[in-house]
Amino acid sequence: MTEKTFIHIKPHDPLFFRGGKPFELGEETWAESSLMPNPSVVWGAIFSKMMSDDEKFRNEVLSKDFDEKKLQDYLTINNIYIYNEKENRFLLPAPLDLFVDEDGTVYGQKFENKITSSSENTFMILPNTDKPCKRLENCFMEVSSFGQMYFKNYADNLVIYSFDEIMIPDSKVGIKRAKGTRITQEGCLYRIDTTQFKENWGFLVEVVMREDLKFVEEKSNEKGLLKLGGDGKTVEYKIRSDIKESPLEKVENYYKGKTCKTCETWKLILTSPAIFEEGWKPNIEKIEATSIGKPFSIGGFDMKKKMLKPMVKAVPAGSVYVFDAETQDFDASKIIKNTEQYKGFNSGIIIPLYDGGDDECK
């Protein structure tokens, strides 16, 4: 395996990312789509390019004796950032325990005891203000803000971007035609939603790949093309050898340096969609509070078996879990571990819950 490699993906055309709902012409006229691609879509696009560039590798993967557990040894996605090339900004989905009022002011969270509730959670996550607010959704936060500003609930200093500041939502209308005559078919009008990045914005994919692959050896610092999205649009990519350090790793190192004498409460923030055995719940015994986004379905297509994969439910990125742990020595990786993790799922950071005392967390 190589060291971390960063692949800059720069779409120039509107992209369509299929949702999990089945779509058949003549039955549904509006295809369900998502604003962002699932990590497995990006993984599949890169992996397909790797196979097309390397005949030996392609034959190995498609052989009957190939063990699919080895896929993670060839390509593992650690994180997918929204990236501004001109300003060198790295963004991730904003945590869902942030709130916004009608004037656009962002607020942090506070916790209140639940008196009666059917939920097993002990506390409610509420906005740290008396003003009417709603949860901050479909927004991104600069990775550096996950450090001290978010940790100490300094919402005024967070660098937040709305979806509309980065992408342009659009839609596409089409109709099915007969293959031979090209005559339009009745009842086959459809519409799909698309998104297009604004100037200078794109994806930065943090990956680990096998060093002997042609994709790594021949494409360093050179531009290439790969297909991404439900309609197979061509996007530009480049392996960025000038980016050496993981942006999120800097934040994680900040928290690793903390020693909390009284801290037994922790916060897990998902930085990518997650698939858990218990549906919405990671492998945590005592969850005190949650702020979870709407679950969504993830499917896919198995190229080797040439069939659709079974649908599974995923928890969206930005979801927050507050939990108790009596020791700081717990294995954080086991909390969110999943067999599909190498495709970019189940990434997150775990931080101590700051209680406002400067002398408690240093």
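Helices (H or I, at least four residues) and strands (E, at least two) are DSSP runs, numbered from the N terminus. This is a predicted model, so local features need pLDDT of at least 70, side-chain atom pairs count only at pLDDT 80 or more, and totals for chains, interfaces and linings use all residues. Residues are numbered from 1 along each chain as its sequence is written, and side-chain values use heavy atoms, with hydrogens and water left out.

**Exercise 1. A salt bridge inside a helix**

Task: Locate the salt-bridge partner of aspartate 53 and classify both residues by burial.

Solution:
- Step 1. Apply the rule: a salt bridge is a side-chain nitrogen of Lys or Arg within 4 Å of a carboxyl oxygen of Asp or Glu.
- Step 2. Aspartate 53 pairs with lysine 49, and their closest N and O atoms are 3.6 Å apart.
- Step 3. Both residues belong to helix α1, four residues apart, about one turn of the helix.
- Step 4. Set the burial classes: buried means under 20% relative accessible area, exposed over 50%, partly exposed in between (1.4 Å probe, protein chains only).
- Step 5. Aspartate 53 has 23% and is partly exposed. Lysine 49 has 18% and is buried.

**Exercise 2. Other salt bridges**

Task: Which parts of the chain does the pair aspartate 97 and lysine 267 tie together?

Solution:
- Step 1. The two side chains form a salt bridge at 2.7 Å, N to O.
- Step 2. Aspartate 97 sits in the loop between β4 (89-93) and β5, and lysine 267 in strand β17 (residues 265-270), so the pair links parts that are 170 residues apart in sequence.
- Step 3. Aspartate 97 and lysine 267 are both buried.
- Step 4. Take another pair: lysine 110 and glutamate 112 meet at 4.0 Å, N to O. Lysine 110 is partly exposed at 26%, and glutamate 112 is partly exposed at 35%.
- Step 5. Glu87, Arg89 and Glu142 are joined into one network by salt bridges that share partners. The rule gives 13 salt bridges.

**Exercise 3. Two packed helices**

Task: Describe how α1 and α2 pack.

Solution:
- Step 1. Two packed helices are described by the angle between their axes and the distance between the axes.
- Step 2. Axes are lines fitted to C-alpha atoms, for helices over the stretch in contact, and angles run from 0 to 180 degrees between N-to-C directions.
- Step 3. Helix α1 and helix α2 (residues 55-62) pack at about 115 degrees, with axes 5 Å apart.
- Step 4. Contact means heavy atoms within 4.5 Å. From α1, the residues include Phe47 and Met50; from α2, they include Phe57 and Val61.
- Step 5. The contact residues split into six nonpolar, one polar and three charged. Here Ala, Val, Leu, Ile, Met, Phe, Trp, Tyr, Cys and Pro count as nonpolar, Asp, Glu, Lys and Arg as charged, and the others, Gly among them, as polar.

**Exercise 4. Sheets**

Task: What is the strand order in the open sheet of three strands, and which strands stand at its edges?

Solution:
- Step 1. Two strands pair if DSSP finds at least two bridges between them.
- Step 2. The order is β6-β5-β9, with antiparallel pairing.
- Step 3. β6 (106-107) and β9 (133-135) each have a single partner strand, so one side of each lacks a neighbour in the sheet.
- Step 4. Three bridges pair β5 (residues 99-101) with β9. One partnership sets phenylalanine 99 against arginine 135.
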